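Hello, and thanks for sharing this one. Here are my notes, set out as numbered points that you can read alongside the coordinates.

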Amino acid sequence: MKKVDAIVKPFKLDDVREALSTVGITGMTATEVKGFGRQKGHTELYRGAEYVVDFLPKVKIELVVRDDQVDACIEAITGAARTGKIGDGKIFVTDVEKVVRIRTGEEDDHAI
């Protein structure tokens, strides 16, 4: 099993969710986060004063999938989240040792 963390632009969340649904991935967690990479920040004007906004709003999507679903998951996310402009985001894939569904006690693949 793998955990897939994707950081995407907020307005792309619904597109990513729909794309993941079409490849059979039904569960995910989405969190509003702030951060920056190469995109860095930008300056804004407030009451005549200019200030730098270092952290930009993003959405972090977390999913745990079977090993055989990872490539389809990555393709779905990149296809739905790509705008071709800086700041489209990143995807991180890590190993998951165990999953337990609290309600039923099911484990691993059965608990996803």
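The points below go from the overall fold to the salt bridges and then to a few single residues.

1. First, the status of the model: this is a predicted structure. The remarks here should be read with that in mind.

2. On the fold, the protein chain contains two helices and six strands. Following the sequence, these elements come in the order β-α-β-β-β-β-α-β. Of the contacts with a separation of 6 or more, 71% join residues that are 24 or more positions apart.

3. On the overall dimensions, the radius of gyration of the protein chain is 17 Å, whereas a compact globule of 112 residues would have one near 13 Å. Along the principal axes, the C-alpha atoms fill a box of roughly 60 × 30 × 20 Å.

4. Turning to the surface, the protein chain exposes about 7700 Å², and carbon and sulfur atoms supply 50% of that area. Buried residues account for 28% of the 112 residues. As for charge, there are 18 positive and 20 negative charges, and their mean positions lie 6 Å apart.

5. How many salt bridges does a search of the whole structure find? The count is eight. As background, side chains of opposite charge can pair when their charged atoms come close. The next points take some of these pairs in turn.

6. One of the pairs is Lys2 with Asp95, whose side chains meet at 2.3 Å, N to O. Lys2 belongs to strand 1 (residues 2-8) and Asp95 to strand 6 (residues 89-95), so this salt bridge ties together parts that are 93 residues apart in sequence. Lys2 is partly exposed, at 23% relative accessible area, while Asp95 is exposed, at 60%.

7. Another salt bridge pairs Asp88 with Lys9, with 3.8 Å between the closest N and O atoms. Asp88 sits in the loop between helix 2 (70-81) and strand 6, and Lys9 in the loop between strand 1 and helix 1 (13-22), so the pair ties together parts that are 79 residues apart in sequence. Are these two partners buried or exposed? Asp88 is buried, with a relative accessibility of 16%, and Lys9 is buried too, with 13%.

8. Lys12 deserves a look as well. This residue lies in the loop between strand 1 and helix 1, and its relative accessibility of 13% counts as buried. Its salt-bridge partner is Asp15, the closest N and O atoms being 3.7 Å apart. Asp15 itself is partly exposed, with a relative accessible area of 35%. Apart from neighbours within four places in sequence, Lys12 has contacts with Ala80, Ala81, Arg82 and Thr83.

9. Which residues are joined into one network by salt bridges that share partners? They are Lys3, Asp5 and Glu62. Asp5 is in strand 1 and counts as buried, at 11% relative accessibility. Beyond neighbours within four places in sequence, Asp5 is in contact with Lys60, Ile61, Glu62, Lys90, Ile91 and Phe92. Glu62 therefore appears both in the network and among the contacts of Asp5; strand 5, for reference, covers residues 56-65.

10. Two C-alpha to C-alpha distances are worth checking on screen. Asp5 and Arg47 are separated by 42 residues in sequence and by 38 Å in space. For Asp54 and Gly35, the separation is 19 residues in sequence and 7.6 Å in space. Asp54 is located in the loop between strand 4 (49-53) and strand 5, and with 42% relative accessibility Asp54 is partly exposed.

11. My last point concerns a backbone angle. Most residues other than glycine have a negative phi. Asp108 is not a glycine, yet its phi is positive, at about 55°. Asp108 is found in the segment after strand 6, and it counts as partly exposed, at 26% relative accessibility.

How values were computed
Residues numbered from 1 in each chain as written. Predicted model: local features only at pLDDT ≥ 70, side-chain atom pairs only at ≥ 80, totals over all residues. Heavy atoms only, no water. Helix = DSSP H or I, 4+ residues; strand = E, 2+ residues; numbered from the N terminus. Rg over C-alpha atoms; globule rule 2.2 N^0.38 Å. Buried < 20%, exposed > 50% of the residue type's maximum accessible area, 1.4 Å probe, protein only. Contact = heavy atoms within 4.5 Å. Areas by Shrake-Rupley, 256 points an atom, 1.4 Å probe, with all protein chains shown as cover. Lys, Arg positive; Asp, Glu negative; His and termini not counted. Charge placed at Lys NZ, Arg CZ, Asp CG, Glu CD. Salt bridge = Lys/Arg side-chain N within 4 Å of Asp/Glu carboxyl O.
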